[in-house]
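Student: Could you give me a close look at just one part of this model, the places where partners touch? I'd like the picture atom by atom where you can, and please spell out your cut-offs.

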Amino acid sequence: MDVTPILDGLNDAQRQAVTAAAEPMLVLAGAGSGKTRVLVHRIAWLIEVERVSPLGILAVTFTNKASAEMRARIETLLNMPVGNLWVGTFHGLAHRLLRRHYQEAQLPQGFQIIDSDDQLRIIKRMIKGLELDETAWVPREVQYFINAQKDEGRRAANMDDRGDYSRAQMIKLYQSYQDICERSGLVDFAELLLRAHELWLKNPDILGHYQRRFQHVLVDEFQDTNTIQYAWLRVLTGKTGIPFAVGDDDQSIYGWRGARGENMQRLQTDFPGISLIKLEQNYRSTANILNAANAVIDNNAGRLGKKLWTDDNEGDPIRIYNAYNERDEAEFITARIQDWVAQGNARADIAILYRSNAQSRVFEEAFFQNSVPYRVYGGLRFFERAEIKDAMGYLRLIQNRDDDASFERIINLPTRGIGAATITIIRDCARANATPMWHAALSSAGGQLSARAANAVQTFLALIEKIDEDTQGLDLHEQVNRTINQSGLIAHYKKEKGERGEARIENLDELVTAAEGFEPDDAELELPPLMAFLAHAALEAGDDQADKWEDCVQMMTLHSAKGLEFPLVFMAGVEEGLFPHKRSINDPSGLEEERRLCYVGITRAMQQLYISHAEQRRMWGSETYAQASRFINEIPAELVEDIRPKIAVSPPAFNSSNRQAVRRPNAATRSDAPIKLGQRVSHAKFGEGVVMNYEGAGPHARVQVNFEYEGMKWLVMSYAKLELL
DNA sequence: AATATCTTGCAGTCG
DNA sequence: GCAAGATATT
């Protein structure tokens, strides 16, 4: 047996983990230490050397991307397809189990998965239907409450209100929401996991089957598991299963969705003899980048303790850019990207990382203007677009008439004479009889509808039946195509004026193309095509729609960057209030999670890292002002090179940073405006200040100046008589 | 009931 | 600065 390809190029710690005996193992793997590599090689080792059947191995990841990549790497390494090896996300695997055992899980065969947007809509309608005050019972908070309970494995029926009225009401809402889902055959993301767990607990025979089958359970990003995911894994491994968990407590950034970094410690208590291996050698970043990351994360308490090191040389300093505003920041980054590309490097090697999706906008504008190809990850994804959801609403109703969420979404879209009043009657009737709305509509809400309304409703029902009938037996894409046409959605959006309508039609066309190119993965192969397609849409949301092959700059949030690496990284908007986010700033554990997020960001960079922050930023249509993030100050000064485009000789007084500025005469050149951003000026009354912004040109131009003592003011040039300093 | 116009809330991160 | 929801208008 030649094991060379499996062991080649592994360091001691990695090889130890890969070749370990069949016993529980926890691998504490720092960023860039070859975490995925160890997992992939471990699986290859089990199959090739230990002669474990691929059937006996379960590999769990968090993202679809990670599981696709893992399978691909395993197959490359083994040089053969391993279709019977289960690799998937927690949600994907739970879904697969629930489809296989829908009866034991007490789900209808055609159950549908809803995303958080659908969930929120259901909750909103429910609150309205119960005639509760929406300001007292905020839909978002109710949603958060419900999901948090599910993440912890709690059902409304088993919850104690602790004599607290508001808690009691929340529990009632949780129950009521659950009733709606049951009636409609809908399952939300958290429900997938909870149901899959309950499926095993309630059906020892099914559990026994999977326990016998999956002797080896490998988990990536273990620090991100939440309570229910941990419980699910724990139940599966039982007394004989062998967990192989890989994680990094310093990269635990999903606390807000219930992740428990403590699960790493818990695994050690649950499996007392578990082996612990630390991977501390980083193969990704320069020493400067790594040292910066280590210095930042060192400010967190209660870490499992590991120190990343590298053989790599120091590399370039971390470059900090202090921008005037977000446009300046974007222009600076655009210029640096153009330099990088001019030196013969690839755009695809560049990532712009930011804290929130909304920040992508400014960059998109700047890149568009400068013809820089880019790709934005996340944000509004394909299957989350309104028109796509409308089309999916029809498809879902065809698949499952009980789906109230879809029913309400499309009953009057396009408008067909069914107004709010009619829908309310149907909804109330459905609730009174605890039936799906489709059923209530069939009887025209027990005859409560006016003749005209009843007629319109029956026409709608007939339309759905007709589409169902007409599309029976057609290929999936033809089914989708017929549906969007017969539903009248295409005609409806054609009437919508402007580019908006056109874009929507294009997206609907793209939906047909997506259906045409849809290849169910092996779990989905077991399902009818339409059902597989709908489930796929809910679980994947269309992340990888864009052209991967084009050489373009990659833009994404810090969260979605985890697991990736780029030669050149820009971290933008690193400001107090934005990063760390203002909602976490006063909460010590929240702040530590932000810091871990910063650690994740820094460690994405291989060769060069730029961190930028803007003094002024337009948010929700108005200006905000912020200081450089505390995280920037946590990076040792000797690793840093400050870049300031200020021509000003005297240092700006309002800037708290005390680093030495590096002069860059060219960076500030901004068109031929008489006044430059960052220009120091003096005003007879207000004293000295710095130009932060301007509008227009000539004598009518207005400039915004940040005065040392008077603060921010807008001035008209022709009156202000500013003296340039 | 449909459409036009105004107001409000939003955007913190994901499957 | 935008989209969904509320309100006004037809």
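Tutor: Let's start with the term we'll lean on: a polar contact is a pair of N or O atoms within 3.5 Å. Inside the protein there are extra conditions: one atom must be able to donate a hydrogen and the other to accept it, and residues adjacent in sequence count only if both atoms are side-chain atoms. Keep in mind that this is a predicted model, where local features need pLDDT of at least 70, side-chain atom pairs count only at pLDDT 80 or more, and totals for chains, interfaces and linings use all residues. As for bookkeeping, residues are numbered from 1 along each chain as its sequence is written, chains are lettered from A and ligands numbered from 1 in the order in which they are written, and side-chain values use heavy atoms, with hydrogens and water left out.

The part I'd pick is the DNA-facing surface, beginning with strand B. There are 30 residues around DNA strand B, and Arg355, Asn357, Gly417, Arg583 and Glu594 come nearest (near here means that a heavy atom of the residue lies within 4 Å of the strand). Zoom in on Arg355: a polar atom of its side chain sits 2.7 Å from a base oxygen of DNA strand B. Gly417 goes for the phosphate instead, with a backbone N or O atom 2.5 Å from a phosphate oxygen of DNA strand B. Thr422 also reaches a phosphate oxygen of that strand, this time with a side-chain N or O atom at 3.3 Å. Looking from the DNA side, sugar and phosphate make up 48% of the atoms of DNA strand B that come within 4 Å of the protein.

What classes of residue make up the surface near DNA strand B? It splits into eight nonpolar, 14 polar and eight charged residues. The classes go like this: Ala, Val, Leu, Ile, Met, Phe, Trp, Tyr, Cys and Pro are nonpolar, Asp, Glu, Lys and Arg are charged, and the others, Gly among them, are polar.

Now swing over to DNA strand C. Around it you'll find Lys124, Lys128, Arg361, Arg500, Arg618, Trp620 and Gly621. By class, that surface has one nonpolar, one polar and five charged residues. Of the atoms of DNA strand C within 4 Å of the protein, 71% belong to sugar or phosphate, and the rest to bases. Trp620 is worth a click here: a polar atom of its backbone is 3.3 Å from a base oxygen of DNA strand C.
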